[in-house]
Amino acid sequence: MASVEQTQPLISHLLELRNRLLRAIVAVLIIFLGLIYFSNHIYEFVSAPLVDRLPEGATMIATDVASPFFTPLKLTLIASVFVAVPFILYQVWAFVAPGLYKHERRLIMPLMFSSSLLFYCGVAFAYFVVFPLVFSFFTAISLGGVEFATDISSYLDFVLALFFAFGIAFEVPVAIILLCWTGATTPQSLSEKRPYIIVGAFVVGMMLTPPDLISQTLLAIPMCLLFEVGLFFARFYTRKETEQDEQEES
């Protein structure tokens, strides 16, 4: 009898998780259906930083027969997920919120909002700042007998990697606040380790970006600045002894 009672809450949680996942998937599909008509325009917008800087007479190419059809659709699907991120995070929040303490709810909701905003800022920084510099540098390099022609599918993989890298890198303040709030570290400890963190930022920039110094530096510098931002706000989110006592009593 006890095992049956224990199984029922587990089943209800699994059903709730399924419903939340289905809502997130439906939201992505609805957005995708709304954007699919503009798939070619979306790809033209994303490829503009390179196309505008191609040498005279150079164009992008498609090395696969189906690439002109599937590549814009792939980008549109990813863009749909990107647009649906706030709704997806809300579903995550609605699923975990019942199991959180009141002070945890007050912290998690602003962090979810700020994490979405920071991710968008990272993607925008990559598109408007990094891409023009990187592509200007790449297109300026010319080799004798080599014609500059970029495959549309390879270009999409390249920019998506940069979008993801910069979007994740801009989450540094949220990560620092969570680490300090959970008690894993303190702002004072992170401040003392600043030289190592700066070196680590450049290592991460080297690992997450293509092998060129420009994009690596343009990723590492914002990470260092965002580290300082996260360090500043983390001082207001350090775990207090009273909160620890409340959880232990619960």
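Colleague: What makes Val-28 a contact of Ser-80?

Modeller: In this predicted model, Ser-80 touches Val-28, Ile-31, Phe-32 and Leu-35, leaving aside residues up to four places away in sequence. The cut-off for such a contact is heavy atoms within 4.5 Å. Ser-80 itself sits in helix H3.

Colleague: Why is Ser-80 called buried?

Modeller: Its relative accessibility is 0%. Buried means under 20%, so Ser-80 counts as buried.

Colleague: And Ile-25: why is Ile-25 called partly exposed?

Modeller: Ile-25, in helix H1 (residues 2-35), has a relative accessible area of 48%. Partly exposed runs between the 20% and 50% limits, so Ile-25 is partly exposed.

Colleague: What makes Ile-25 part of a surface patch?

Modeller: Patch members need over 30% relative accessible area, and Ile-25 has 48%. Leu-10, Leu-14, Leu-17, Leu-21, Leu-22 and Leu-29 join Ile-25 in a nonpolar patch, with about 640 Å² of accessible area together.

Colleague: How do you know that the span of H6 agrees with that of a helix of 18 residues?

Modeller: H6 covers residues 152-169. At 1.5 Å a residue, a span of 26 Å is expected; the end C-alpha atoms are 26 Å apart, so the two agree.

Colleague: What caps the N-terminal end of H6?

Modeller: Asp-151 does. One of its side-chain oxygens lies 3.2 Å from the backbone nitrogen of Ser-153. The limit for a polar contact is 3.5 Å.

Colleague: Which helices do the buried residues of H6 pack against?

Modeller: H2, H3, H5, H7, H9 and H10. The buried residues of H6 include Tyr-155, Leu-156, Phe-163 and Phe-166.

Note on methods:
Residues are numbered from 1 along each chain as its sequence is written. This is a predicted model: local features need pLDDT of at least 70, side-chain atom pairs count only at pLDDT 80 or more; totals for chains, interfaces and linings use all residues. Side-chain values use heavy atoms; hydrogens and water are left out. Helices (H or I, at least four residues) and strands (E, at least two) are DSSP runs, numbered from the N terminus. The expected span of a helix is 1.5 Å times one less than its number of residues. Buried means under 20% relative accessible area, exposed over 50%, partly exposed in between (1.4 Å probe, protein chains only). A polar contact is a pair of N or O atoms within 3.5 Å; within protein, one must be able to donate a hydrogen and the other to accept it, and residues adjacent in sequence count only if both atoms are side-chain atoms. Patches are made of residues with over 30% relative accessible area and no salt bridge: like charges are joined within 9 Å, nonpolar side chains (Val, Leu, Ile, Met, Phe, Trp, Tyr) within 5 Å. Accessible areas come from the Shrake-Rupley method with a 1.4 Å probe; for residues, only the protein chains shown count as cover. A salt bridge is a side-chain nitrogen of Lys or Arg within 4 Å of a carboxyl oxygen of Asp or Glu.
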